[in-house]
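Grab a pencil and have a look at the chain below. Try each exercise yourself before you read its solution.

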Amino acid sequence: MKPQIIPLRVIGDDRGSLVAIEAEQNIPFEIKRVYYIFGTKDGVERGFHAHRNLQQVAVAVRGSCIMTIDDGKEKTEFKLDNPANGLYINSMVWRVMKDFSEDCVLLVMADQHYAESDYIRDYKTFLSELSKK
Ligand code: T46
């Protein structure tokens with residue numbers, strides 16, 4: 001599956017809104033880890049890596065940011081600014097995050113535990129590993 005926005009159903013009533021995220025239902029994998037990025041300083045860019053095996057879904061549960069996904073051939077920019085949208089991020093894509101609003105809370109669900117060995121933090125290595133796939 002390519003990087004894409006997954007719409008998350010909003011259950012709303014006169015009290016407000018609720019979104020339920022369920023592994024292998026509206027998220028296409030079993031969730032092993034959840035983390036969130038917040039308090040990002042003005043002008044900061046994060047990411048600059050790919051993952052060898054990891055799949056993730058990212059949701060801006062508050063505020064907004066831009067996530068650029070580069071598959072080695074083309075770059076696609078996704079604006080994450082809606083808690084009812086998840087961005088599915090497959091393995092072997094380079095990601096850069098920027099333009100975080102001051103209030104941005106980016107929630108990320110992952111299908112693997114944290115492992116630094118899964119990261120490719122050098123762009124040339126990323127392209128080289130991609131060409132061997
Ligand atoms: C990704 C984007 C969207 C941990 O110890 N455990 C964790 O689960 C994570 C995610 C990170 N860390 C450590 C590793 C670094 O020492 O936290 C530090 C910051 O991580 P990093 O510089 O990789 O953060 P970002 O924002 O560049 O990337 C993160 C995720 O690491 C990455 O998987 O896809 O968010």
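Here are four short exercises on this predicted model.

**Exercise 1. Get an overview: how many helices and strands are there in the chain, and is it as compact as a globular protein of that length, and why?**

Step 1. Start by counting: the chain has one helix and twelve strands.

Step 2. Now read along the sequence. The pattern is β-β-β-β-β-β-β-β-β-β-β-β-α.

Step 3. Next comes the radius of gyration, which is 15 Å, while the globule rule gives 14 Å for 133 residues; the two are close, so the chain is as compact as a globular protein of that length.

Step 4. For the burial, note that 38% of the 133 residues are buried.

**Exercise 2. Work out the open sheet: in what order do its five strands come, and which of them stand at the edges?**

Step 1. Go across the sheet strand by strand, and you get β1-β9-β6-β11-β4, with antiparallel pairing.

Step 2. Look for strands with a single partner. These are β1 (4-7) and β4, so each has one side without a neighbour in the sheet, and they stand at the edges.

Step 3. From one strand to the next, the twist averages 30°.

Step 4. Zoom in on one pair: β6 and β9 are joined in the antiparallel sense over three bridges. Here Q56 stands opposite I89 in β9.

**Exercise 3. Explore the largest nonpolar core: how many residues does it have, and which strand gives the most to it?**

Step 1. The core has 16 residues, and those with the most contacts inside it include M67, I69, L80 and I89.

Step 2. Ask where the residues come from. β6 (56-62), β7 (65-70), β8 (75-80), β9 (85-89) and β11 (105-110) each supply at least two.

Step 3. The top contributor is β7, with three residues.

Step 4. Check one member, leaving aside neighbours within four places in sequence: L80 is in contact with residues including I5, A58, C65, L87 and L106.

Step 5. Apart from this core lies another one of nine residues, among them L8, F29, V59 and L107.

**Exercise 4. Place I31: is it buried, partly exposed or exposed?**

Step 1. Find I31 in the loop between β3 (16-19) and β4 (33-38).

Step 2. Its relative accessible area is 26%. Buried needs under 20% and exposed needs over 50%, so I31 is partly exposed.

Step 3. Not counting residues up to four places away in sequence, I31 touches I21, A23, M109 and A110.

Step 4. Finally, compare sequence and space: I31 and Q56 are 25 residues apart in sequence and 8.7 Å apart in space, C-alpha to C-alpha.

Definitions and conventions. Residues are numbered from 1 along each chain as its sequence is written. This is a predicted model: local features need pLDDT of at least 70, side-chain atom pairs count only at pLDDT 80 or more; totals for chains, interfaces and linings use all residues. Side-chain values use heavy atoms; hydrogens and water are left out. A nonpolar core is a set of buried Ala, Val, Leu, Ile, Met, Phe, Trp, Tyr and Cys residues joined through side-chain atoms within 4.5 Å. Buried means under 20% relative accessible area, exposed over 50%, partly exposed in between (1.4 Å probe, protein chains only). Helices (H or I, at least four residues) and strands (E, at least two) are DSSP runs, numbered from the N terminus. Contact means heavy atoms within 4.5 Å. Two strands pair if DSSP finds at least two bridges between them. Axes are lines fitted to C-alpha atoms, for helices over the stretch in contact, and angles run from 0 to 180 degrees between N-to-C directions. The radius of gyration is taken over C-alpha atoms; the globule rule is 2.2 Å times the number of residues to the power 0.38.
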